[in-house]
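Trainee: Please take a close look with me at aromatic pairing in this model, and then carry on to whatever else is worth seeing. I'm new to this, so go step by step.

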Amino acid sequence: MNAPIAVIGFSNNASPLEPLWPGTHRALMPLAGKALIIYLVEQLAEAGIRHVRIAGSIQQYAVRNRLRSGSEWGLTIRYSDLHGEELLTECLATEGQCLYLLGDHLYNTDFKALAERAGTVEAPADIDGVSAGLWQLRRGEVLGHSLATASGAVSREQPLRCAQEYHQANLSAVRGYLPRLNVPGALIHRTAIADWRSAIASTASIGADVFIGKHCRIGALARLDANCTLSNGVVIEAGAHLENVTVLPNCFVGRRMKIRDAVLGPNGVLSLDGIFNQVLNPEFLGPTRDNLEQLTGVPDRLRFDRG
């Protein structure tokens with residue numbers, strides 16, 4: 001039997017980035033330089049699942065703007081005005097079986113094994129409601145199998161409910177990469193990762209498990225200590241010091257700023273225990289450029305207009 005189609009819905013949870021970045025669709029939250037839903041789409045494509053249906057949501061236009069037809073990953077993606085439960089019911093009536101997932105969750109699942117086993121799963125149903133898993137219409141009865149049951153392996157689903165979980169998800173997303181940049185004179189830990197399109201001053205210090213995305217700029221004597229994740233288009237000015245921090249796209253961090261245990265955005269600091277502090281002085285914290293980040297979650301062109 002062919003691999004099942006995937007139906008992607010969305011949860012009703014609040015964004016863990018509110019009020020730091022409230023306008024972004026949850027599925028487009030930046031995770032180590034890439035939109036959250038892209039991780040799921042890549043997993044499905046690698047597993048051989050070629051047909052995806054995406055349920056309606058308030059900001060579906062932003063998701064559609066990023067994923068488009070799915071050809072970037074060798075998929076066919078179609079969009080619906082129906083919400084998750086309704087779309088799953090419609091697809092079951094025509095397909096007989098569907099893989100249902102949430103586009104704003106992370107999954108550690110062997111989707112390839114699931115796709116190969118989908119047509120032979122005979123275990124008793126072990127989920128109900130509209131939960132992530134393999135759904136089948138068998139002899140007029142709708143049966144739901146959890147991802148672990150359907151794949152025959154341990155499976156983990158991770159919703160991102162708070163700043164701490166979001167920060168940890170960023171760190172997890174970059175583990176296993178190899179170092180990509182060697183700057184003569186700069187102190188860069190062997191476990192650090194930096195995109196080749198970023199510029200790092202030779203006197204900067206980059207610590208363990210630090211990720212630097214595309215088109216970032218790290219100033220002289222800046223320090224990024226352990227467990228920092230910088231998304232695309234971030235500017236860290238000279239002398240700034242960050243530790244255990246996630247920085248959202250296109251965020252400017254001023255010189256001599258010292259911040260730890262937080263998520264940073266252009267308009268403020270969200271501590272990992274959920275306390276938000278707005279920063280109104282653009283010399284300390286602000287955007288690197290004018291952009292539509294709140295709508296798309298994805299950088300378009302870059303313009304650095306700070307020293």
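Mentor: There is one aromatic pair in the structure, and keep in mind that the model is predicted. The partners are Tyr 107 and Phe 111, with ring centres 6.3 Å apart. Their planes meet at 65°, and an angle over 60 counts as edge-to-face, so that's the label this pair gets. Are the two residues buried or exposed? Tyr 107 has a relative accessibility of 7%, so it counts as buried, since the cut-off is under 20%. Phe 111 is buried too, with a relative accessible area of 3%.

Now for helix 3, where you can check some geometry yourself. This helix covers residues 84-95, which makes twelve residues. At 1.5 Å a residue they should span 16 Å, and the C-alpha atoms at the ends are indeed 16 Å apart, so expectation and model agree. Which of its residues are buried? They are Gly 84, Leu 87, Leu 88, Cys 91 and Leu 92. Look down the helix axis and you'll find these buried residues within an arc of 135°, so they line one face of the helix. Glu 85, Thr 89, Ala 93 and Thr 94 sit on the other side and are exposed. What covers the buried residues? Strands do part of that job, including strand 1 (5-9), strand 4 (51-54), strand 6 (97-102), strand 8 (133-138) and strand 9 (141-145). Just past the end of helix 3 comes Gly 96, whose phi is positive, at about 90°.

Next, follow the chain to a sheet. Five strands make up this open sheet, in the order 13-16-19-21-25, with mixed pairing. Strand 13 (199-200) and strand 25 are its edges, as each of them pairs on one side only. Strands in a sheet pair through backbone hydrogen bonds, either parallel or antiparallel. Strand 25 runs antiparallel to strand 21 (residues 251-253), and three bridges join the two. In one of the bridges, Cys 251 is matched with Pro 287 of strand 25.

Step off the end of strand 25 (285-287) and you're in the loop that leads to helix 7 (293-296), where you'll find Thr 288. Is this loop residue buried or exposed? Thr 288 has a relative accessibility of 2%, so it counts as buried. Its side chain also reaches the backbone oxygen of Gly 233, at 3.3 Å.

Notes: Residues are numbered from 1 along each chain as its sequence is written. This is a predicted model: local features need pLDDT of at least 70, side-chain atom pairs count only at pLDDT 80 or more; totals for chains, interfaces and linings use all residues. Side-chain values use heavy atoms; hydrogens and water are left out. Helices (H or I, at least four residues) and strands (E, at least two) are DSSP runs, numbered from the N terminus. Buried means under 20% relative accessible area, exposed over 50%, partly exposed in between (1.4 Å probe, protein chains only). A polar contact is a pair of N or O atoms within 3.5 Å; within protein, one must be able to donate a hydrogen and the other to accept it, and residues adjacent in sequence count only if both atoms are side-chain atoms. The expected span of a helix is 1.5 Å times one less than its number of residues. The arc is that of the directions from the helix axis to the C-beta atoms. Contact means heavy atoms within 4.5 Å. Two strands pair if DSSP finds at least two bridges between them. Rings of Phe, Tyr and Trp (its six-membered ring) pair if their centres lie within 6.5 Å; planes under 30 degrees apart count as stacked, over 60 as edge-to-face and the rest as tilted.
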